[in-house]
Amino acid sequence: MDYLTIEGGAKLSGSVTISGSKNAALPVIAATLLSDKDITLENLPNVVDIKTLLKLVEMLGGKVNYHDNHSVTINNRSISSTKAVYEIVSQMRASILVLGPLLARFGECEVSLPGGCAIGQRPIDLHLKALEAMGAVIEIKSGYVKAYAPDGLKGAKIVFDKITVGGSENAIMAAALAHGTTTIINAAKEPEVVQLCEILVDGGVLIEGVGTSEITIEGTGGKPIDFKTPITIIPDRIEAGTYLCAGAITKSSITLKKVNAQHIKASIDKLESMGCQFDISDDEVTIYPPEELISANITTTEYPGFPTDMQAQFMALAIVSKGDTLIEERLFENRFMHVSELNRLGADIWLKGNIAAVHQVDELNGADVMATDLRASSALVLAALIAKGETNIHRIYHLDRGYENLEGKLSALGAKIHRHK
Ligand code: UD1
């Protein structure tokens, strides 16, 4: 298995180009199942999760023409199967995003139950409730969700008890092809949900309330969507936030290119309260970190609040920030797997329930550590950048799921990082 070796202590400088957003690209790829025409996607991130979902589309009978590492044309005219098998779904939970579009277009589908993952239980009850409200009949059998709507889905009022990104996306895609009007109350407002709505609007679907918690969608009554192509995937706000943290932790000024500053406002605001300064222009952000970061407490919440996907990276910063930091994780019950690994590097972090208390330490020392999930892995990389000596990070397949060419981008900034095959 590949692992990374990082020699800590190098200063970073220069600029890094941010890739397309994995979490925006996944629902966009799923949404192509709502169409029977050619759809070209551009600015896809070259990461494993995207390849996994494209493979699933091909297994369903879709045609994927790969132009280069960042662009494909998909045609889903001749879908021959509506079953998302365990082999794929077990690799990536987000495969559940094909449920809504397949059911809406073909009146039936089967998706393997995603099960739990390293960061918690992650149920899909809200996805299923939304589809049931639209008239779907759902049964769970032999590890699969089997959904039927032989006469098509019907517009409905869907009230989410809890804000769910994937659940909102599934409901929006299903509603786009339903008969009649769907209103989603307490919808997620994440930029990835907004991009999904925008491509549907460009494809002729009437949607009101895009980017708000109440979205109204006029379904096409089963008519496939004629997307406006090419579709360009928005920049990855979590990758961007991670590189800002790389600048902050190594006290290095670096510039992010091809970024949407509005989408990373929560991270920028938090870094400002920790003493960092910024230059922000069009699609570039430059960070100027202080000599010593100041601690700032963090509570993760839904967009536009502080993202759970940045919690682990900011914990790495908290380790060397002046004072104590309290980090409260409100979205995922088990998203602190990185704590014990950070402590192996010399951090002083205590956990009680969903709150971590991080006490400042003077230095970290390189060690062997294990990546446990995608964002936890990037926290280990950040800590390793300032740890004395060498850190070996194992199980980096987690990183490969969501960070494009992490070691290439960090080396270009001056980090001493090496991948062992
Ligand atoms: C998405 C992101 C993930 C991010 C998360 C929260 C993708 C591919 N992944 O995940 O990176 O960390 O949003 O911003 O976009 N829940 C239920 N029942 C459901 C669905 C969710 O109880 O049916 C709960 C979850 O367990 C969690 C909370 O709702 O506690 C939010 O989860 P959700 O927004 O659905 O996360 P994902 O879409 O899976």
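A residue counts as near the ligand if one of its heavy atoms lies within 4 Å of the ligand. The exercises below use this cut-off on a predicted model.

**Exercise 1. Describe the shell around the ligand by residue and by class.**

Solution. Start with the count: 19 residues surround the ligand. L126, T164, V165, D309 and L331 are the closest of these. Next, sort the shell by class: nine residues are nonpolar, five are polar and five are charged.

**Exercise 2. Which helices each supply at least two residues of the shell, and which supplies the largest share?**

Solution. The helices that each supply at least two residues are α1 (22-31), α5 (125-133) and α6 (165-176). The largest share comes from α5, with three residues.

**Exercise 3. List polar contacts of the ligand, then state how much of its accessible area the protein covers.**

Solution. A polar contact requires N or O atoms within 3.5 Å. Take the ligand nitrogen first: a nitrogen atom lies 2.7 Å from an N or O atom in the D125 side chain. Then take oxygen: an oxygen atom of the ligand is 3.1 Å from a side-chain N or O atom of N23. For P123, the partner is a polar backbone atom, 3.2 Å from an oxygen atom of the ligand. Finally, the ligand on its own has 740 Å² of accessible area, of which the protein covers 87%.

**Exercise 4. Classify the packing of α8 and α12 by angle and handedness.**

Solution. Two packed helices are described by the angle and the distance between their axes. The axes of α8 (residues 237-249) and α12 (residues 374-386) come within 9 Å and cross at roughly 20 degrees. Angles under 35 degrees count as roughly parallel, and therefore α8 is roughly parallel to α12. The crossing of α8 and α12 is right-handed.

Key
Residues are numbered from 1 along each chain as its sequence is written. This is a predicted model: local features need pLDDT of at least 70, side-chain atom pairs count only at pLDDT 80 or more; totals for chains, interfaces and linings use all residues. Side-chain values use heavy atoms; hydrogens and water are left out. A polar contact is a pair of N or O atoms within 3.5 Å; within protein, one must be able to donate a hydrogen and the other to accept it, and residues adjacent in sequence count only if both atoms are side-chain atoms. Accessible areas come from the Shrake-Rupley method with a 1.4 Å probe; for residues, only the protein chains shown count as cover. Helices (H or I, at least four residues) and strands (E, at least two) are DSSP runs, numbered from the N terminus. Ala, Val, Leu, Ile, Met, Phe, Trp, Tyr, Cys and Pro count as nonpolar, Asp, Glu, Lys and Arg as charged, and the others, Gly among them, as polar. Axes are lines fitted to C-alpha atoms, for helices over the stretch in contact, and angles run from 0 to 180 degrees between N-to-C directions. Angles under 35 degrees count as roughly parallel, over 145 as roughly antiparallel, 65 to 115 as roughly perpendicular and the rest as oblique. A crossing is left-handed if the near helix is turned anticlockwise from the far one by less than a right angle, and right-handed if clockwise.
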